[in-house]
Amino acid sequence: MRSEAIHAALKAATWAPSVHNSQPWTFAVAGEEICVRADADRKLRVGDHAGREMLIGCGAALFNIRTVLRDRGWAPVTRILPDPDRPNLLATVRPGEAVTPDETTRLLSGEIERRRTHRAGFTTLPVPDKLIEALVRQAAAENVKLVPAGDEAALRMLAAVTQAAQGARPQDPEVRRWARPPDSPRKDGVPADSYPREPADTGFPQRDYAWGTETDQSMAATGVVAIMTTRGDSREEWIATGQALQRVLLYACAYGVSAAFHTQALELPHLREFLREELCSGAYPQMIMRLGFTFDVSRSVRRVRRPLSEVLD
Ligand SMILES: Cc1cc2nc3c(=O)[nH]c(=O)nc-3n(C[C@H](O)[C@H](O)[C@H](O)COP(=O)(O)O)c2cc1C
């Protein structure tokens, strides 16, 4: 049934990642058309003035909708930024013709509720090159580049820039605003049990979400560091980045690989520009992540989301 597929797709949308779990989206259904809208009240006013990160989160939600519709047997028909007079209407999606879902769609769809952000070191088990190559292809399918940091020098530069960004805004009030205190009834923000109290020494500083929890410190490997880039820096490309991000994360999750993010530097225009010129050959850096294997502790981390009734008009 198309209506059941639409409902399942909307529920899946809410499991998308978003900066500080701000969940900057609302959805509406008109007939069989799902509208994905940005909720600008949830944008980071300082760190994300242009709404780039907000649109990446919404793009990830859009990818979940597309994936679940296809998994339920309907080819999604998607229009990106369909109405120039309504800039917050980011996309419309409707179930089109009947299809048999392919294996990758089934795989990705099955990971939507299991995936979660990792915020510590990784085990020393290396991520196979073949898997990294597959992740690069997943991103490319959404017109976004996933670029693993090639050599030691690139890795050191990226770590140094991330440290500089964290040093420039150590107790960022916007980060603190979205840090969810232990036992809080809030349905958004970063839960205190989703990051270690003592950050792991991976070379890439963690955002300071203030609380944290006692965790196994035996994982200290950095993992594979990668940047997502786009050729330009348009709103379409931010939405594409979100779709590519979610595609990469779900695919990685299906093979047991988790991702940690370190996007502080991309919120400071001069540091982002530096990375664009020095590391990205002029392409625009959109996400910075580490990929690796964990001891499965992250699977037990609770995730919080606003219920669908709160985000569906
Ligand atoms: C654009 C964007 C930027 C993010 N930046 C960071 C970051 O710098 N540090 C971090 O720990 N998590 C970062 N995250 C992950 C979010 O905090 C995470 O998706 C959110 O808390 C929801 O948790 P979940 O991914 O486990 O569902 C980012 C996510 C997005 C979409």
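**Figure 1. Residues around the ligand in the predicted model****.** The ligand is surrounded by 20 residues, of which T117, R119, R207, T263 and R305 come nearest. By residue class, the shell comprises seven nonpolar, six polar and seven charged residues. A residue is placed around the ligand when one of its heavy atoms lies within 4 Å.

**Figure 2. Polar side-chain contacts to oxygen atoms of the ligand****.** In the side chain of R119, an N or O atom is 2.6 Å from an oxygen atom of the ligand. R119 is also listed among the nearest residues of the shell. For R115, the distance from a polar side-chain atom to an oxygen atom of the ligand is 2.9 Å.

**Figure 3. Polar contact of T263 and cover of the ligand****.** A nitrogen atom of the ligand lies 2.8 Å from a polar side-chain atom of T263. Taken alone, the ligand has 620 Å² of accessible area, and the protein covers 97% of this area.

**Figure 4. The ligand in its pocket****.** The pocket that holds the ligand is the largest one. Charged residues contribute seven members to the shell around the ligand.

**Figure 5. The annotated segment, residues 112–275****.** An unreviewed UniProt entry lists these residues as "domain: Nitroreductase". Across residues 112–275, helix accounts for 37% of the chain and strand for 12%. The end C-alpha atoms of the segment are 31 Å apart.

Technical notes
Residues numbered from 1 in each chain as written. Predicted model: local features only at pLDDT ≥ 70, side-chain atom pairs only at ≥ 80, totals over all residues. Heavy atoms only, no water. UniProt positions renumbered as here; feature names shortened; annotations may be inferred. Helix = DSSP H or I, 4+ residues; strand = E, 2+ residues; numbered from the N terminus. Polar contact = N/O pair within 3.5 Å; in protein donor to acceptor, adjacent residues only side chain to side chain. Areas by Shrake-Rupley, 256 points an atom, 1.4 Å probe, with all protein chains shown as cover. 1 Å grid on protein atoms, 1.4 Å probe; cavity = no way out; pocket = protein on both sides within 12 Å on 5 of 7 lines; lining within 4 Å. Sits in = over half its atoms within 2 Å of the grid points. Nonpolar A, V, L, I, M, F, W, Y, C, P; charged D, E, K, R; others polar.
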